[in-house]
Amino acid sequence: MIVTLILAFLIIIYIYSRKLRNNKRKPISRKKKIENFNLGSSHFKHAFKSVKNEKFLNLANESQTLYYDFLLLQEYLKFIENGKICFLTLSYFSFASKEVWLESDLEKYFYILDKRNFKGKYRLYYYIYNYFPFLRKKFKLKKGNAKSEEERIKGHIKRLKNKEYLNLNLELLDKIIMECKNRDIDVILLTTPFKEKYNKNFLENDLEENFYKHIKVIIQRYKIKYIDFSRDKNFEEDDFLVDDYDHLSEKGSKKFVEKLEKILGIKFLI
């Protein structure tokens, strides 16, 4: 009986210590008010990485879909002050995403979202990744194959034309905007800078039909701002990551944020 109680006590201590450790991995781990924030995929994670202002919250992640943008917004909205700004990135392939691109993308969300956001076997994965990491090798998430830059861009072109999940993503975009409007938070849609080498792979008609047409409807419906940097020729080769066509470097991020500050007449860089 005593041994059982001791073991139970040690397990409780272990789980509590893991919870404290996991809290440090969250985008914001203490109750403080955020003034401005962004959602989005890796394009925006890199675009805003030069912002060191602790009142600005970067909620973008690699391969993040609008579905997880919405979940993160719900999770962290309580930290956002009313009357502030939500920057939401839209890339050419944003309207083609399922809930998640790859199963392995879920791993990062096990640490920054609550368990209620996961169902079935992924609820089990949530507990394993958070509290019993020594079991992770037996419960691996499926990963995709490594791709060259050319293969990755071909994937983006294919997704641009894919309309299977268009309605799902337009509904999610509506929900994100309405959640923010209900809190008096302005939503600004953005597309980040891309190299000419990236843009030349996309036909103008395809972009208009599958991307810009939907953005025009959204900005007219909600009377919100859309700022498109995708073809901004002021961004040079060394403003991007090495051997990469569509992700800004630290230098490029600073230039991007400074331009955005000038357009909007606000300051959020330190």
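Start with the largest cavity, which has a volume of about 100 Å³. You're looking at a predicted model, so keep that in mind as you click around. To see the walls of this cavity, select G40, S41, Q64, T65, L66, D69, T89, S91, F93, S94, S97 and W101. Colour them by class and you'll get eight polar residues, three nonpolar and one charged.

Next, go to the second largest cavity, with about 30 Å³ of space. Its lining is E35, N36, N53, K55, F56, K267 and F268. Here the split is three charged, two polar and two nonpolar. That's the end of the cavity stops: the count is two at 30 Å³ or more.

Keep F56 on screen and add N38, since the two are in contact. N38 sits in strand β1, residues 34–39. Is N38 buried or exposed? It's buried, at a relative accessible area of 0%. Now show what it touches beyond its neighbours within four places in sequence: F44, F48, F56, L57, N58, L59, A60 and F87.

Last stop: the largest pocket, holding about 650 Å³ of space. It's lined by 20 residues, and to find the middle, select S63, L102, R152, H156 and R159, the closest to its centre. Then switch to cartoon and pick out α2 (42–47) and α6 (149–161), the elements that each give two or more residues to the lining. Which of them gives the most? That's α6, with five residues. Colour the pocket lining by class to finish: nine polar, seven charged and four nonpolar.

Key: Residues are numbered from 1 along each chain as its sequence is written. This is a predicted model: local features need pLDDT of at least 70, side-chain atom pairs count only at pLDDT 80 or more; totals for chains, interfaces and linings use all residues. Side-chain values use heavy atoms; hydrogens and water are left out. On a 1 Å grid over the protein atoms alone, a cavity is a set of points where a 1.4 Å probe fits but cannot get out, and a pocket is an open set with protein on both sides within 12 Å along at least five of seven lines; lining residues have an atom within 4 Å of a point. Grid points are joined across faces, edges and corners, and a volume is the space filled by probe spheres set on the points. Helices (H or I, at least four residues) and strands (E, at least two) are DSSP runs, numbered from the N terminus. Ala, Val, Leu, Ile, Met, Phe, Trp, Tyr, Cys and Pro count as nonpolar, Asp, Glu, Lys and Arg as charged, and the others, Gly among them, as polar. Buried means under 20% relative accessible area, exposed over 50%, partly exposed in between (1.4 Å probe, protein chains only). Contact means heavy atoms within 4.5 Å.
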